[in-house]
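Biologist: Please take me closely through one part of this model, the surroundings of the ligand, and follow it into whatever is packed beside it.

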Amino acid sequence: MILPSILQSARHYIKQALPPGGFAIDGTVGNGYDTLFLAETTGPSGAVFGFDIQQAALQQARCRLEKAGQLEQVRLFHASHHRMGEELPPRLKGKIHAAMFNLGYLPHGDSSVITRKETTIPALQTALDWLKSGGILTCALYTGHPGGQEEADHVIRFATGLCPKSYQVLWQQLINRKQAPSLVIIEKR
Ligand SMILES: C[S@@+](CC[C@H](N)C(=O)[O-])C[C@H]1O[C@@H](n2cnc3c(N)ncnc32)[C@H](O)[C@@H]1O
């Protein structure tokens with residue numbers, strides 16, 4: 001396949017913005033695949049701050065990071081992503097290089113625990129506030145589960161409304177497949 005999947009695109013854009021020694025946020029840690037990618041990209045001299053409301057997910061992620069020898073630069077918080085501003089070190093405000101969100105529910109986990117617009121939108125706004133100029137935020141959207149389409153619609157509306165002087169926004173969406181996941185990529189100017 002020549003066209004990138006949304007996961008490949010997310011990683012591609014994040015890699016452009018996140019240098020070794022850089023700072024990143026994982027807004028939805030889940031099984032920790034994205035957290036591990038961020039930790040490998042920043043390396044031991046950087047820092048990754050991860051959030052999830054499920055303790056079981058955080059444990060899985062911690063194991064994965066430990067096995068890969070990448071736990072040292074990661075701080076995991078059992079907290080909703082809309083409260084990240086209370087946990088992030090104040091000195092890093094405006095200095096975060098990259099933020100990743102992967103919405104929906106935990107694969108192979110409890111599918112009734114889903115991300116919700118009421119907390120997702122404030123979390124996206126907070127992550128943008130903490131990004132540095134040139135920083136990238138990616139947000140993967142899923143519409144196949146109850147509530148997913150409504151949440152995706154709100155995220156698209158939020159991203160569409162961002163001031164073009166401050167942000168560039170891209171939306172990757174397969175348009176010939178029903179309920180295909182899509183990706184919003186936001187670059188802070
Ligand atoms: C699609 S999964 C994330 C997959 C993950 N990025 C990975 O690499 O495995 C979505 C995750 O969001 C979490 N979640 C749901 N609501 C949340 C919230 N308000 N704050 C933080 N995480 C939340 C779920 O518990 C679930 O683990």
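Modeller: Of the 22 residues around the ligand, those that come nearest are Thr28, Asp34, Asp52, Gln54 and His81, where a residue counts as near if one of its heavy atoms lies within 4 Å. This is a predicted model, in which local features need pLDDT of at least 70 and side-chain atom pairs pLDDT 80 or more, while totals for chains, interfaces and linings use all residues. Residues are numbered from 1 along each chain as its sequence is written, and side-chain values use heavy atoms, without hydrogens or water.

The backbone also takes part in polar contacts (pairs of N or O atoms within 3.5 Å): a backbone N or O atom lies 3.0 Å from a ligand oxygen atom in asparagine 31, 3.5 Å in glycine 32 and 3.2 Å in tyrosine 33.

Tyr33 and Asp34 lead on to helix α2, since both belong to its contact with helix α1. Helix α1 (residues 6–17) packs against helix α2 (residues 33–42) at an angle of about 25°, their axes being 11 Å apart; the two are therefore roughly parallel, a term kept for angles under 35 degrees. Their crossing is right-handed. In the contact (heavy atoms within 4.5 Å), α1 contributes Leu7, Arg11, Ile14 and Lys15, and α2 contributes Phe37, Leu38 and Thr41 along with Tyr33 and Asp34. By class, these residues are 5 nonpolar, 1 polar and 3 charged.

Conventions. Polar contact = N/O pair within 3.5 Å; in protein donor to acceptor, adjacent residues only side chain to side chain. Axes fitted to C-alpha atoms, helices over the stretch in contact; angles between N-to-C directions. Helix = DSSP H or I, 4+ residues; strand = E, 2+ residues; numbered from the N terminus. Parallel < 35°, antiparallel > 145°, perpendicular 65-115°, else oblique. Left-handed = near helix turned anticlockwise from the far one by under 90°. Nonpolar A, V, L, I, M, F, W, Y, C, P; charged D, E, K, R; others polar.
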